[in-house]
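Welcome! Take a look at the model below, then work through the exercises at your own pace.

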Amino acid sequence: MDEYLPRVYRFALRLTGSRQDAEDLAQETFLQAWRRRGDLRDPDAARVWLFTIARNLWNDWLRRKYRRRTAVEPLQEDHESAAAPPDRNLMV
């Protein structure tokens, strides 16, 4: 499977747009493939199988990133509320 490493890396680079992220994605792809090597029934399908693993890992990363970003997105500080500030009620 090592012969597919350059192709998987180039695919990862196209997905991520970053050399560092592409290296990480390619490494994780081969690690996942090694762990699940028993699932590959047809050795002739190894290339497609590796690309599928890479794509799925990338989609998982994007979902996690989006979930984190939306979960902790800060409120805009320049947004003024229509309600009176709480300290104004105390001064009346």
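**Exercise 1.** Find how the elements of the chain run from the N terminus on.

*Solution.* The order is α-α-α-α, since the chain holds four helices and zero strands. Helices (H or I, at least four residues) and strands (E, at least two) are DSSP runs, numbered from the N terminus. The model is a predicted one, where local features need pLDDT of at least 70, side-chain atom pairs count only at pLDDT 80 or more, and totals for chains, interfaces and linings use all residues. Residues are numbered from 1 along each chain as its sequence is written, and side-chain values use heavy atoms, with hydrogens and water left out.

**Exercise 2.** Locate the salt bridges (a side-chain nitrogen of Lys or Arg within 4 Å of a carboxyl oxygen of Asp or Glu).

*Solution.* Step one: a search of the whole structure gives two.

Step two: Arg 36 pairs with Asp 39, at 3.1 Å from N to O.

Step three: Asp 60 pairs with Arg 63, and their closest N and O atoms are 2.4 Å apart. Both residues sit in helix α3 (residues 46–71), three residues apart, about one turn of the helix.

**Exercise 3.** Are Asp 60 and Arg 63 buried or exposed, or in between?

*Solution.* Start with the cut-offs: buried means under 20% relative accessible area, exposed over 50%, and partly exposed in between (1.4 Å probe, protein chains only). Asp 60 has 31%, so this residue is partly exposed. Arg 63 has 44%, so this one is partly exposed too. For the whole chain, 22% of the 92 residues count as buried.
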